[in-house]
Amino acid sequence: MTGSAMGIGLACAEAFAKAGYITVLADIKEPRSQIESLVAQGYKAVFYGCDVSNTRTVKEMIEWIAATYGHLDAALNNAGIQTPQRPMAEITDDEFDRTVAVDLKGVWNCMRYEILQMLRQGGGAIVNTSSQGGVTGFPGQAAYIACKHAVIGLTRTAAIDYAAKHIRINAVCPGVIRTPMAEELMSRNPQLEAELVRDIPAGRLGKPEEIANAVLWLCGPQASFVDGHALLVDGAFSI
Ligand code: NAI
């Protein structure tokens, strides 16, 4: 599970560990106390330091997982960053390149090596974190939104490529979820949270655990014929 030191990724890692998976939390930051807490409760969780934009590190991580545990049943490619909030023409090339490196190439890197391992073992399930912004626009986030659209295209195409090999590949598209990333965005505009809540038919922001429930289902046997799908979990915000 990439991007699992906080927010959505951490909630997913906790949910998978509690569901009985041996869970590898992969991130550039280590959520040490959360992992210690899971282990103290008898769940199996470990940290792997990994920058998803670094192809070699991602390859080494998947090889380490295969060598250590023998298989990779499910993978969540979730690590993501936002671009500074500015209109498209004011985003610098460096900001664009860094966003693409993490939010798109990072997913690409992880999927490639996850798929190679799943081919060796005869199947598996992958979920990529896109966004509600993978199917709509969002002001001031052109690079980020472009990546989230691309993640859905990548998910759909890879799903077609590997469906016959028993590898299911889906995307989850969170709406506005209360995480450090969303808090940071809202801290720069004190009106934003109230405006968002007004526009979300459910009348509130989502919780990381609500995304974790969707990801757990997408990876599990009850979603055995769900493939290439982009699942919106957004309190009806996007419809
Ligand atoms: P967050 O900022 O709270 O957590 C992101 C995690 O990714 C952090 O632990 C961070 O250390 C890690 N990370 C960042 N760059 C990395 C890299 N290069 N390699 C490995 N790990 C890295 O973000 P949040 O809100 O939990 O978002 C998770 C995913 O959900 C992201 O892909 C985000 O775009 C997406 N999302 C979030 C929404 C929200 O409202 N919070 C809405 C829609 C999508």
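Ile-211 is buried, with 29 other C-beta atoms within 10 Å. Here, a residue counts as buried if 20 or more other C-beta atoms lie within 10 Å of its own, as exposed if 12 or fewer do, and as partly exposed in between, with C-beta atoms placed from the backbone. This is a predicted model, in which local features need pLDDT of at least 70, side-chain atom pairs count only at pLDDT 80 or more, and totals for chains, interfaces and linings use all residues. Residue numbers start from 1 along each chain, as its sequence is written.

Ile-211 belongs to helix 9, residues 208-219. Helices (H or I, at least four residues) and strands (E, at least two) are DSSP runs, numbered from the N terminus. Setting aside neighbours within four places in sequence, Ile-211 is in contact with Ile-8, Ala-11, Cys-12, Val-172, Pro-174, Ile-177, Gly-206 and Val-233. Two residues are in contact if their C-beta atoms, placed from the backbone, lie within 7 Å. Ile-211 and Cys-173 sit 38 residues apart along the chain, and their C-alpha atoms are separated by 8.6 Å.

Next comes the sheet. Its four strands form an open sheet in the order 3-4-5-6, with parallel pairing. Strand 3 (74-77) and strand 6 (230-233) stand at the edges with a single partner strand each, so one side of each is left without a neighbour in the sheet. From one strand to the next, the twist averages 20 degrees. Such angles run from 0 to 180 degrees between N-to-C directions, and axes are lines fitted to C-alpha atoms, for helices over the stretch in contact.

Two strands pair if DSSP finds at least two bridges between them. Strand 3 and strand 4 pair in the parallel sense over four bridges. Within this pairing, Leu-76 has Val-127 of strand 4 as its bridge partner, and Asn-77 stands opposite Asn-128. On the other side of the pairing list, strand 4 (residues 124-129) and strand 5 (residues 167-174) are joined in the parallel sense by six bridges. Val-127 turns up here too, standing opposite Asn-170 in strand 5.

How many residues of strand 4 are buried? Six of the six are, so strand 4 is largely enclosed by the rest of the structure. Gly-124, Ile-126 and Asn-128 point one way from the strand, while Ala-125, Val-127 and Thr-129 point the other way. Strand 3 has a similar story to tell: Ala-74 and Leu-76 point one way, Ala-75 and Asn-77 the other, and all are buried.

Helix 6 lies across strand 4, strand 5 and strand 6, and runs at about 160 degrees to strand 5. There is also a helix partner to consider. The axes of helix 5 (residues 105-121) and helix 6 (residues 142-162) come within 11 Å and cross at roughly 15 degrees. That makes helix 5 roughly parallel to helix 6, the label given to angles under 35 degrees (over 145 is roughly antiparallel, 65 to 115 roughly perpendicular, and the rest oblique). In this contact, Val-107, Trp-108, Met-111 and Ile-115 of helix 5 meet Val-151, Leu-154, Ala-158 and Tyr-162 of helix 6. The contact residues divide into eight nonpolar, no polar and no charged. For this count, Ala, Val, Leu, Ile, Met, Phe, Trp, Tyr, Cys and Pro are nonpolar, Asp, Glu, Lys and Arg are charged, and the others, Gly among them, are polar.

Val-100 lies in helix 4, residues 93-103. With 19 other C-beta atoms within 10 Å, Val-100 is partly exposed. Not counting residues up to four places away in sequence, Val-100 touches Lys-105, Ala-143 and Cys-147. Val-100 and Ala-146 are 46 residues apart in sequence and 8.7 Å apart in space, C-alpha to C-alpha.

Finally, two residues have a backbone angle worth a look. His-166, in the loop between helix 6 and strand 5, has a positive phi of about 70 degrees although it is not a glycine. His-166 counts as partly exposed, with 14 C-beta neighbours inside 10 Å. Ala-236 has a positive phi of about 70 degrees as well, and is not a glycine either. Ala-236 lies in the segment after strand 6 and counts as exposed, with 11 C-beta neighbours inside 10 Å.
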